[in-house]
Amino acid sequence: MRSARRRAPEPRARWRDAAVRAAFLAPAAAYLLLFLGRPLVDNVTTSLRSFTADSFLTGGAPFTGAENHLLLLRSEEFRRALSTTALYTAGSLAAQFVLGLGLALFFHRRFPLARPVRALMLLPWLMPLVVTGTVWRWMLETDGGAVNGVLRALHLVRTGVPWLTGTDEALLSAVLVNTWVGVPFATALLYGGLQGIPRQVHEAALLDGAGPVRLFRYVTWPLLRPTAGVVLVLGAVYTLRSPDVVLVLTGGGPAGATRTLAALAYEQSFQEFDFGRAAATGNVLVLVSLVLALLHLRADRRVRTP
């Protein structure tokens, strides 16, 4: 009588399956090690040495251990850049997510010319950040900027608002420009998440008498949470690592009011030529990004686990 139990795979079959899986994973693993792992290791080793512009000529970069990191943590410049980064990232993420979610819900409904409008929505995200920053810097100029010109024409202000030269206004301007850049990306991902929700689920909820608010709260949002987590994590990582908008708009000023950690690392590298301390600043950015990614993975696992 043939046994009904499923036989365990033979050792040779298990080894063959493992070899096939390893062959498929090898290109991705090689790519990660070559283009991500190696630069990360080089950055860590550079942060442990006194690496300056003279090191390129003399070849000497004395080992200093954790001195660069300790000097960084003790500096008032770093603490202020850290708080500025937190405000800049939190403000940008909140605005990008709320506006992106609203636009995704709007485009989820069918209406004429929906596809061309969605395509045009991607233009701010596709434009180079240097070009975007330059255009907005011209628009936000105190005297001849287009934004202050419109506000004066509407009699909302009498004198030009110092969008880029005021310590409070400059950070707000950077957040607004970064929001303008990131909203299309958030909209595209959230719209894709909405498209992945089966229509039968919404139709069943509507038949049960759910209104628009209850439909979103109890049906749409729970199914959209994994996509929302991806939008927040990617938006945070992109905002943390990119100094382009801040450097082009304000150069980190006025008086360091818009100097983020990424902008601080740029200044340490290409203005002060202190590459060891700049690498230490980069390590902080990598660590923060890694923590955000791990928190997202943990939250996503809780959502998916029944």
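**Exercise 1. How are helix 4 and helix 13 oriented to each other: roughly parallel, roughly perpendicular, roughly antiparallel or oblique?**

Solution. The model is a predicted one.
- Step 1: take the geometry. Helix 4 and helix 13 (residues 261-270) pack with their axes 8 Å apart, at an angle of about 140°.
- Step 2: apply the cut-off. Roughly antiparallel requires an angle over 145 degrees. Helix 4 and helix 13 are therefore oblique to each other.
- Step 3: find the residues that meet. Helix 4 brings Glu77, Phe78, Ala81, Leu82 and Thr85, and helix 13 brings Leu261, Leu264 and Gln268.
- Step 4: sort them by class. The contact of helix 4 with helix 13 has five nonpolar residues, two polar and one charged.

**Exercise 2. Classify the crossing of helix 3 with helix 4, then describe the contact.**

Solution.
- Step 1: the axes of helix 3 (residues 67-74) and helix 4 (residues 76-108) cross at roughly 70° and come within 5 Å.
- Step 2: the range for roughly perpendicular is 65 to 115 degrees. Helix 3 and helix 4 are therefore roughly perpendicular to each other.
- Step 3: helix 3 makes the contact through Leu72, Leu73 and Arg74, and helix 4 through Glu76, Phe78 and Arg79.
- Step 4: this contact of helix 3 with helix 4 counts three nonpolar and three charged residues, with no polar ones.

**Exercise 3. Locate the largest cavity and characterise its lining.**

Solution.
- Step 1: count. There is one cavity of 30 Å³ or more.
- Step 2: size it. The largest cavity has a volume of about 40 Å³.
- Step 3: list the lining. Leu93, Gln96, Phe97, Gly182, Phe185, Ala186, Val231, Leu232 and Gly235 line the largest cavity.
- Step 4: assign the lining to helices. Helix 4, helix 9 (167-195) and helix 11 (212-241) each give at least two residues to the lining of the largest cavity.
- Step 5: sort by class. Six lining residues of the largest cavity are nonpolar, three are polar and none is charged.

**Exercise 4. Which residue forms a salt bridge with Arg38, and where do the two partners lie?**

Solution.
- Step 1: recall the principle. Side chains of opposite charge can pair when their charged atoms come close.
- Step 2: count. The model has five salt bridges.
- Step 3: identify the partner. The side chains of Arg38 and Asp42 form a salt bridge, at 3.2 Å from N to O.
- Step 4: place the pair. Both Arg38 and Asp42 belong to helix 1 (residues 11-47). Arg38 and Asp42 are four residues apart, about one turn of the helix.

**Exercise 5. Find the unusual backbone values at Pro254 and His155.**

Solution.
- Step 1: set the baseline. Most residues other than glycine have a negative phi, and most peptide bonds are trans.
- Step 2: check Pro254. The peptide bond from Gly253 to Pro254 is cis, with omega near -5°. Pro254 sits in the loop between helix 12 (244-249) and helix 13.
- Step 3: check His155. His155 is not a glycine, yet its phi is positive, about 60°. His155 is placed in the loop between helix 8 (146-153) and helix 9.

**Exercise 6. Where is Asp274, and which residues does Asp274 touch beyond those up to four places away in sequence?**

Solution.
- Step 1: Asp274 lies in the loop between helix 13 and helix 14 (275-304).
- Step 2: Asp274 and Thr52 are 222 residues apart along the chain, but their C-alpha atoms are separated by 5.0 Å.
- Step 3: leaving out residues up to four places away in sequence, Asp274 touches Phe51, Gln268 and Ser269.

Terms used: Residues are numbered from 1 along each chain as its sequence is written. This is a predicted model: local features need pLDDT of at least 70, side-chain atom pairs count only at pLDDT 80 or more; totals for chains, interfaces and linings use all residues. Side-chain values use heavy atoms; hydrogens and water are left out. Axes are lines fitted to C-alpha atoms, for helices over the stretch in contact, and angles run from 0 to 180 degrees between N-to-C directions. Angles under 35 degrees count as roughly parallel, over 145 as roughly antiparallel, 65 to 115 as roughly perpendicular and the rest as oblique. Contact means heavy atoms within 4.5 Å. Ala, Val, Leu, Ile, Met, Phe, Trp, Tyr, Cys and Pro count as nonpolar, Asp, Glu, Lys and Arg as charged, and the others, Gly among them, as polar. On a 1 Å grid over the protein atoms alone, a cavity is a set of points where a 1.4 Å probe fits but cannot get out, and a pocket is an open set with protein on both sides within 12 Å along at least five of seven lines; lining residues have an atom within 4 Å of a point. Grid points are joined across faces, edges and corners, and a volume is the space filled by probe spheres set on the points. A salt bridge is a side-chain nitrogen of Lys or Arg within 4 Å of a carboxyl oxygen of Asp or Glu.
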